[in-house]
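The following paragraphs guide a new reader through one protein model. Please keep the sequence and the structure in view while reading.

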Amino acid sequence: MGLKAQCQFNPYLARGLDIYTGTIYELFLKDGGLRSSIGSGGRYNNAIAGLKGEEEGSYSTVGISFGLDVILTALLEKEETTPEPWVDYLIIPVQEMEESFRMARVLRQEGNRVEVDMSGRSVRKSMDYADKAGIPFVAVIGEREVSNRICMVKDMKTGKQTEWVFK
């Protein structure tokens, strides 16, 4: 499967001294993001004998368990670092609300998720907002864009701009 395991011996690791009778192990995230183990286990020589009501038996077993709450925490932390954009386009109107809403309607009809920035903040602050929110495309619509019937749509990842013609 192409997986690489990294093992580290720790002679001070102790767990379940009344249950485990051999090697024990704990699993941690490779990036060290969480201090808690996501899984643990070991060898038990008498676990099945105890279930059968026998004093000691010849049933050697090895087991492992995973902590779903710790795994869920790790997944949620990973999600926070890479947010999924909830909008495809941010339209920033500069005194041109009507054309901004027209553009939003056309983009939505094409299946895009569109937000028209109604906050009244500066273009620079709106661009910063789009960048932090992970919005992939931004269009600024002002008087010049409306009079030329063309607006530039910026790809926030690459910085490349493409023309969008008003319909």
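At 33% relative accessibility, R149 counts as partly exposed. This value, like the others in this account, comes from a predicted model. R149 forms a salt bridge with E99, and the closest N and O atoms of the two are 3.6 Å apart. Because E99 belongs to helix α3 while R149 sits in the loop between α5 (143–148) and β7, the pair ties together parts that are 50 residues apart in sequence. The partner of R149 has a different setting: E99 is buried, its relative accessible area being 8%, which is under the 20% limit for that class. Nor does the pair stand alone, for E98, E99, R102 and R149 are linked in a network of salt bridges.

The whole structure contains seven salt bridges. One of them joins the side chains of D117 and R121, with 3.2 Å from N to O. Here D117 is buried, at a relative accessible area of 7%, whereas R121 is partly exposed, at 34%. A further salt bridge connects D128 with R124, where the closest N and O atoms are 3.2 Å apart. Both D128 and R124 lie in helix α4 (residues 123–133), and the four residues that separate them amount to about one turn of the helix. D128 counts as partly exposed, with 32% relative accessibility; R124 is exposed, with a relative accessible area of 55%.

From charged pairs the account turns to nonpolar side chains. In soluble globular proteins, nonpolar side chains tend to be buried together. In this model, the largest nonpolar core has 15 residues, and those with the most contacts inside it are I91, M103, L107, I141, C151, V153 and W164. At least two residues of this core are supplied by each of β4 (89–93), α3 (97–109), β5 (114–116), β6 (137–141) and β7 (150–155). The element that gives the most to this core is α3, with four residues. L107 offers a close view of such packing: leaving aside residues up to four places away in sequence, L107 touches Y89, I91, N112, V114 and W164. Apart from this core lies another, made of nine residues, among them V87, I92, M127 and M156.

The next stop is a set of paired strands. Strand β1 covers residues 24–27 and runs antiparallel to β2, to which four bridges join it. Within this pairing, Y25 stands opposite G41 in β2. On β2 there is also a pairing with strand β3 (residues 61–66), again in the antiparallel sense, over six bridges. In that pairing R43 stands opposite V62 in β3. Strand β2 (residues 39–44) is largely enclosed by the rest of the structure, because five of its six residues are buried.

Which residues form a nonpolar patch on the surface? They are L27, I64 and F66, which together have about 270 Å² of accessible area. L27 has its place in strand β1 and is partly exposed, with a relative accessible area of 32%.

Definitions and conventions. Residues are numbered from 1 along each chain as its sequence is written. This is a predicted model: local features need pLDDT of at least 70, side-chain atom pairs count only at pLDDT 80 or more; totals for chains, interfaces and linings use all residues. Side-chain values use heavy atoms; hydrogens and water are left out. A nonpolar core is a set of buried Ala, Val, Leu, Ile, Met, Phe, Trp, Tyr and Cys residues joined through side-chain atoms within 4.5 Å. Buried means under 20% relative accessible area, exposed over 50%, partly exposed in between (1.4 Å probe, protein chains only). Contact means heavy atoms within 4.5 Å. Patches are made of residues with over 30% relative accessible area and no salt bridge: like charges are joined within 9 Å, nonpolar side chains (Val, Leu, Ile, Met, Phe, Trp, Tyr) within 5 Å. Accessible areas come from the Shrake-Rupley method with a 1.4 Å probe; for residues, only the protein chains shown count as cover. A salt bridge is a side-chain nitrogen of Lys or Arg within 4 Å of a carboxyl oxygen of Asp or Glu. Two strands pair if DSSP finds at least two bridges between them.
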